[in-house]
Amino acid sequence: MGDFSTSPGESGGGQAAISRSWVPRFGRTERFTHWWMVVLMVAALLTGLGLDEGGIMSWVHVGSVVLIGLGLLLAALLGDHRALYRAIRALLIIDRRDVVWLRDRARLPGDRRPEPEWGVFNPGQKLFAWALSLSVTAMILTGVGAWFSLAEAGDLHGASVVATGVLLSLHLFMALANPSTRPSFMGILFGRVNRRWAAAHHGEWLRAVDQTSQNT
Ligand code: HEM
Ligand code: HEM
């Protein structure tokens with residue numbers, strides 16, 4: 001994945017110390033893809049709110065969505081496509097253990113039994129990724145409908161924008177405010193996370209990372 005297990009300029013014993021406390025989580029390709037999506041989603045949102053039918057804003061609006069797709073394609077072609085594929089796969093595959101955990105949480109929301117050691121993403125993140133993929137797809141389909149002035153498409157577009165907004169507000173809360181998940185922000189910004197946080201939240205993933213680095 002990434003090359004951020006050490007801080008720039010570290011070497012020798014310092015490097016070992018840094019490696020002990022930081023773990024590489026997202027490489028450049030995954031981080032580029034994420035932040036490209038963020039910038040263009042904000043552009044689409046702002047231009048959508050200030051849309052003037054047939055005017056420049058509506059072209060920038062559609063253009064920013066087209067650019068999201070082009071950015072993903074570029075990242076896959078020029079970046080580390082294996083890392084990107086691995087991340088997307090890990091995010092979208094919901095296995096049996098995830099289903100059992102989600103079912104138990106739905107039945108007993110207050111249950112505080114110790115969590116299993118999760119892989120790179122936990123079931124909550126996977127559920128979020130699926131919900132977000134669906135709401136973004138709905139936004140694009142209804143946006144195309146609204147562009148061609150199909151009846152009701154404008155209202156449905158507005159509804160899917162609101163649904164996406166709710167999901168992203170939750171995402172922002174987890175990334176910036178919730179103390180137990182906030183340390184993940186370092187990963188999406190600089191590529192590495194605190195080892196203790198990784199052990200507590202993604203133990204299975206941490207073991208796999210350590211094993212890979214021992215074998216290389
Ligand atoms: C990231 C995806 C998108 C976001 C965040 C977004 C956001 C918005 C927002 C906030 C509005 C104003 C509220 C509304 O009128 O419902 C809007 C309107 C609109 N959007 Fe989008 N949009 C997206 C994708 C698209 C796409 C792909 C198209 C067309 C190909 C499109 C076409 C339109 C049109 C035509 C309107 C005006 C609808 C009307 O006034 O009835 N949008 N969009
Ligand atoms: C300023 C806004 C945002 C911040 C601060 C932020 C922060 C983060 C962080 C910290 C992670 C890594 C979580 C981990 O290490 O496990 C992450 C992952 C992710 N982000 Fe964002 N994000 C933002 C906006 C967005 C937007 C606009 C989208 C999509 C349109 C998005 C989609 C995702 C997805 C799909 C993941 C992987 C799943 C997850 O970890 O929840 N993010 N983001």
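In this predicted model, helix H7 provides the largest share of the shell around ligand 2, with 5 residues. Helix H7, spanning 153-177, does not act alone: helix H2 (28-49), helix H6 (123-147) and helix H8 (185-190) also supply at least two residues each. The shell around ligand 2 holds 19 residues, and those that come nearest to the ligand are Gln125, Ala175, Ser184, Gly187 and Ile188. By residue class, the shell divides into 13 nonpolar, 5 polar and 1 charged.

Turning from the ligand to the packing of the chain, the largest nonpolar core is made up of 9 residues. Its members are Trp22, Val23, Trp118, Val120, Phe121, Val193, Ala198, Trp205 and Leu206. Two elements give two or more residues to this core, namely strand E1 (22-24) and helix H10 (203-215). Within the core, Trp205 deserves a second look: leaving aside residues up to four places away in sequence, Trp205 touches Trp118, Gly119 and Val120. Trp118 and Val120 are themselves listed among the core residues.

A last point of interest is Ile140, a residue of helix H6, one of the helices that supply the shell around ligand 2. Ile140 counts as partly exposed because 17 C-beta neighbours lie inside 10 Å, whereas 20 or more would be needed for a residue to be buried. Along the chain, Ile140 and His157 are 17 residues apart, and their C-alpha atoms are separated by 8.1 Å.

Methods:
Residues are numbered from 1 along each chain as its sequence is written. Chains are lettered from A and ligands numbered from 1 in the order in which they are written. This is a predicted model: local features need pLDDT of at least 70, side-chain atom pairs count only at pLDDT 80 or more; totals for chains, interfaces and linings use all residues. A residue is near a molecule or strand if its C-beta atom, placed from the backbone, lies within 6 Å of it. Helices (H or I, at least four residues) and strands (E, at least two) are DSSP runs, numbered from the N terminus. Ala, Val, Leu, Ile, Met, Phe, Trp, Tyr, Cys and Pro count as nonpolar, Asp, Glu, Lys and Arg as charged, and the others, Gly among them, as polar. A nonpolar core is a set of buried Ala, Val, Leu, Ile, Met, Phe, Trp, Tyr and Cys residues joined through C-beta atoms within 7 Å. A residue is buried if 20 or more other C-beta atoms lie within 10 Å of its own, exposed if 12 or fewer, and partly exposed in between; C-beta atoms are placed from the backbone. Two residues are in contact if their C-beta atoms, placed from the backbone, lie within 7 Å.
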